[in-house]
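Let's take a walk through a protein structure together. Have the picture ready and follow along at your own pace.

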Amino acid sequence: MKRAKKRAAGSKKRRTSTSAEHSSTRAPVLSEAALAYAKKIDGNRELAIEFLKEAGIIEKPGKLARPYR
C-alpha cells in the first residue's frame with residue numbers, strides 16, 4: 001500500500017486545467033489572417049503541402065525536413 005506524499009504546511013495543491021477552460025480567457029494567439037489562411041487550406045492537400053514546404057517543415061510529401069526528424 002502506497003502512502004500519498006505529504007505537502008509542506010501552507011502549500012496549496014496545484015490545480016490543473018484544460019485548454020477549454022482557457023479558451024475564453026486567453027488572448028488569441030493567431031491573427032485573423034492566419035485563421036483565415038488555415039481555413040482556406042483545410043481540406044486542400046496541395047495548398048497544405050505547399051505551406052509546409054514554404055515553412056521548411058517538409059521537403060516533399062511524406063518526408064520531414066532535417067530539423068524535424
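Where is Pro61 found? Look at the loop between β1 (58–60) and β2 (63–64): Pro61 is found there. Keep in mind that you are looking at a predicted model. With a relative accessible area of 45%, Pro61 is partly exposed, because that label covers values between 20% and 50%.

Now let's see what Pro61 touches. Setting aside its neighbours within four places in sequence, Pro61 is in contact with Arg45, Ile49 and Lys53. Try following the chain from Arg45 to Pro61: they are 16 residues apart in sequence, while their C-alpha atoms are 10.0 Å apart in space. Another residue to find is Glu50, which sits in helix α3. Glu50 and Pro61 are 11 residues apart along the chain, with 9.3 Å between their C-alpha atoms. Glu50 is also partly exposed, at a relative accessible area of 39%.

Next, turn to the aromatic rings. A pair of such rings is described by how far apart the centres are and by the angle of the planes. The count here comes to 1 aromatic pair. Its members are Tyr37 and Phe51, with 5.8 Å from centre to centre and 55° between the planes. The pair counts as tilted, because an angle that is neither under 30 degrees nor over 60 gets that name. Tyr37 belongs to helix α2 (residues 32–41) and Phe51 to helix α3 (residues 45–54), so the pair links distant parts of the chain, 14 residues apart.

Are these two residues buried, exposed or partly exposed? Tyr37 counts as partly exposed at 32% relative accessibility, and Phe51 counts as partly exposed at 36%.

Terms used:
Residues numbered from 1 in each chain as written. Predicted model: local features only at pLDDT ≥ 70, side-chain atom pairs only at ≥ 80, totals over all residues. Heavy atoms only, no water. Phe/Tyr/Trp six-rings, centres within 6.5 Å; stacked < 30°, edge-to-face > 60°. Helix = DSSP H or I, 4+ residues; strand = E, 2+ residues; numbered from the N terminus. Buried < 20%, exposed > 50% of the residue type's maximum accessible area, 1.4 Å probe, protein only. Contact = heavy atoms within 4.5 Å.
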